[in-house]
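Ready for some practice at reading a protein model? Keep the structure open beside you and try each exercise before you look at its solution.

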Amino acid sequence: ELVEAAPLRKAYRAAALLLHPDKCGHPRAKLAFQRISEAFDALSDPERQRRLLADAFRQRPRRRCHAPDVAEHSAEESEEGVV
């Protein structure tokens with residue numbers, strides 16, 4: 001689902017105020033400010049946002065559930081008389 005423009009702009013402005021090199025004395029403030037500016041530019045364009053989200057979804061590792069099968073677990077417990 002795409003991020004709407006208003007909340008995106010509000011979040012960018014809040015981060016930009018904190019990270020602007022003139023306001024933040026951290027040695028890497030300029031780099032951080034550049035990165036959030038690039039991210040804002042990319043996400044401000046709905047088509048580009050769609051592509052970025054699709055790429056991120058494709059690259060995300062799939063999580064597998066390693067929970068034991070419920071029926072299998074219940075059968076073991078009932079054999080031991082633990083039910």
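The exercises below go from the overall fold to helix packing and then to single residues. Please keep in mind that this is a predicted model.

**Exercise 1. Describe the secondary structure and the burial of the protein.**

Step 1. Start with the elements: there are four helices and zero strands. Along the sequence they give the pattern α-α-α-α.

Step 2. Turn to burial. Of the 83 residues in the protein, 10% are buried.

Step 3. Finish with the contacts. Among those with a separation of 6 or more, 38% join residues 24 or more positions apart.

**Exercise 2. Check whether the length of helix 2 fits its number of residues.**

Step 1. Helix 2 covers residues 29-44, which is 16 residues.

Step 2. With 1.5 Å a residue, the expected span is 22 Å.

Step 3. The C-alpha atoms at the two ends are 22 Å apart, so the expected span and the model agree.

**Exercise 3. Find the buried residues of helix 2 and say what covers them.**

Step 1. The buried residues of helix 2 are Ala29, Phe33, Ser37, Phe40 and Ala42.

Step 2. A rule helps in reading such a list: an α-helix has 3.6 residues a turn, so residues three or four places apart point the same way.

Step 3. The cover over these buried residues includes helix 1 (5-19) and helix 3 (46-59).

**Exercise 4. Work out how helix 2 is oriented against helix 1 and against helix 3.**

Step 1. Two packed helices are described by the angle between their axes and the distance between the axes.

Step 2. For helix 1 and helix 2, the axes come within 10 Å and cross at roughly 170 degrees. Angles over 145 degrees count as roughly antiparallel, and helix 1 and helix 2 are therefore roughly antiparallel.

Step 3. On the helix 1 side, Leu8, Arg9, Tyr12, Ala15, Ala16 and Leu19 take part, meeting residues of helix 2 that include Phe33, Ile36 and Phe40. By class, this contact of helix 1 with helix 2 has 11 nonpolar, two polar and one charged residues.

Step 4. For helix 2 and helix 3, the axes are 5 Å apart and the angle is about 105 degrees. That makes helix 2 roughly perpendicular to helix 3.

Step 5. Here Asp41, Ala42, Leu43 and Ser44 of helix 2 meet Pro46, Arg48, Gln49 and Leu52 of helix 3. The contact of helix 2 with helix 3 divides into four nonpolar, two polar and two charged residues.

**Exercise 5. Is isoleucine 36 buried or partly exposed, and what does isoleucine 36 touch?**

Step 1. Isoleucine 36 lies in helix 2. Its relative accessible area is 21%, and buried means under 20%, so isoleucine 36 is partly exposed.

Step 2. Leaving out residues up to four places away in sequence, isoleucine 36 touches Tyr12, Ala15, Ala16 and Leu19.

Step 3. Leucine 19 is 17 residues away along the chain, and its C-alpha atom is 8.9 Å from that of isoleucine 36.

**Exercise 6. Contrast glutamine 49 and leucine 53 in helix 3.**

Step 1. Glutamine 49 is buried, with a relative accessible area of 2%, whereas leucine 53 is partly exposed at 38%.

Step 2. Beyond residues up to four places away, glutamine 49 touches Leu2, Val3, Ala42 and Leu43. A polar atom of the glutamine 49 side chain lies 2.5 Å from the backbone nitrogen of valine 3.

Step 3. Outside its neighbours within four places in sequence, leucine 53 is in contact with Glu1 and Leu2. Leucine 53 and leucine 2 are 51 residues apart along the chain, with their C-alpha atoms separated by 8.3 Å.

Conventions:
Residues are numbered from 1 along each chain as its sequence is written. This is a predicted model: local features need pLDDT of at least 70, side-chain atom pairs count only at pLDDT 80 or more; totals for chains, interfaces and linings use all residues. Side-chain values use heavy atoms; hydrogens and water are left out. The expected span of a helix is 1.5 Å times one less than its number of residues. Buried means under 20% relative accessible area, exposed over 50%, partly exposed in between (1.4 Å probe, protein chains only). Contact means heavy atoms within 4.5 Å. A polar contact is a pair of N or O atoms within 3.5 Å; within protein, one must be able to donate a hydrogen and the other to accept it, and residues adjacent in sequence count only if both atoms are side-chain atoms. Axes are lines fitted to C-alpha atoms, for helices over the stretch in contact, and angles run from 0 to 180 degrees between N-to-C directions. Angles under 35 degrees count as roughly parallel, over 145 as roughly antiparallel, 65 to 115 as roughly perpendicular and the rest as oblique. Ala, Val, Leu, Ile, Met, Phe, Trp, Tyr, Cys and Pro count as nonpolar, Asp, Glu, Lys and Arg as charged, and the others, Gly among them, as polar.
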